[in-house]
Amino acid sequence: MLSLDYRDARPIYEQVKDGLRRLMVTGVIQEGEKLPSVRTMASTLAINPNTIQRAYEALESEGYVYSVPGKGSFAAPNTGVDEGRKTQLFQSFDQAVSELLFLGVTGGELEARVRSLEEGVET
């Protein structure tokens, strides 16, 4: 499910958060699907449960996860994604597109790339 890179400069909770987000965005974890419990995930990854809890809380604040007291955490519908996260992603997108344009990629190539992602086909 998730793999951690202990040589990565990012904190472990961010790696967990990013890994879970990626699984949700790619459809591996479906909307409404229950996430592993904090203890189960911590045991599987051999890390402190507080680290998992922190990742789950961050994902909840971004709108990717919701929790039900006594039941656990679940993947949220994508309509709940926080506007701040969208803004952050658009800034990253704008920077990447600017650099790609500088490197000679055409607007048509970028459009085709976006369309292929929209259709679920990787290029």
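Helices, at least four residues long, and strands, at least two, are DSSP runs numbered from the N terminus. The structure described here is a predicted model, and this report treats its two largest pockets and one helix pair.

The largest share of the lining of the largest pocket, eight residues, is supplied by helix α4. Helix α4 spans residues 83-102, and together with α1 and α5 (107-118) belongs to the elements that each give at least two residues to this lining. Nearest the centre of the largest pocket lie Val25, Tyr64, Arg85, Leu89 and Leu117.

In the second largest pocket, the residues nearest the centre are Gln53, Tyr56, Ser67, Gly72 and Ser73. Two or more lining residues come from each of α3, β1 (65-68) and β2 (72-75), with α3 giving the largest share, four residues.

| Pocket | Volume | Lining residues | Classes of lining residues |
|---|---|---|---|
| Largest | about 1,300 Å³ | 31 residues | 17 nonpolar, six polar, eight charged |
| Second largest | about 170 Å³ | 16 residues | six nonpolar, six polar, four charged |

The helix pair consists of α1 (residues 12-25) and α3 (residues 49-62), whose axes come within 8 Å and cross at roughly 50°. The two helices are therefore oblique to each other, and their crossing is right-handed. On the α1 side, the contact is formed by Ile12, Tyr13, Val16, Lys17, Leu20, Arg21 and Met24. Their partners in α3 are Thr51, Ile52, Arg54, Ala55, Tyr56, Ala58, Leu59 and Glu62. By class, this contact of α1 with α3 comprises 10 nonpolar, one polar and four charged residues.

Notes
Residues are numbered from 1 along each chain as its sequence is written. This is a predicted model: local features need pLDDT of at least 70, side-chain atom pairs count only at pLDDT 80 or more; totals for chains, interfaces and linings use all residues. Side-chain values use heavy atoms; hydrogens and water are left out. Axes are lines fitted to C-alpha atoms, for helices over the stretch in contact, and angles run from 0 to 180 degrees between N-to-C directions. Angles under 35 degrees count as roughly parallel, over 145 as roughly antiparallel, 65 to 115 as roughly perpendicular and the rest as oblique. A crossing is left-handed if the near helix is turned anticlockwise from the far one by less than a right angle, and right-handed if clockwise. Contact means heavy atoms within 4.5 Å. Ala, Val, Leu, Ile, Met, Phe, Trp, Tyr, Cys and Pro count as nonpolar, Asp, Glu, Lys and Arg as charged, and the others, Gly among them, as polar. On a 1 Å grid over the protein atoms alone, a cavity is a set of points where a 1.4 Å probe fits but cannot get out, and a pocket is an open set with protein on both sides within 12 Å along at least five of seven lines; lining residues have an atom within 4 Å of a point. Grid points are joined across faces, edges and corners, and a volume is the space filled by probe spheres set on the points.
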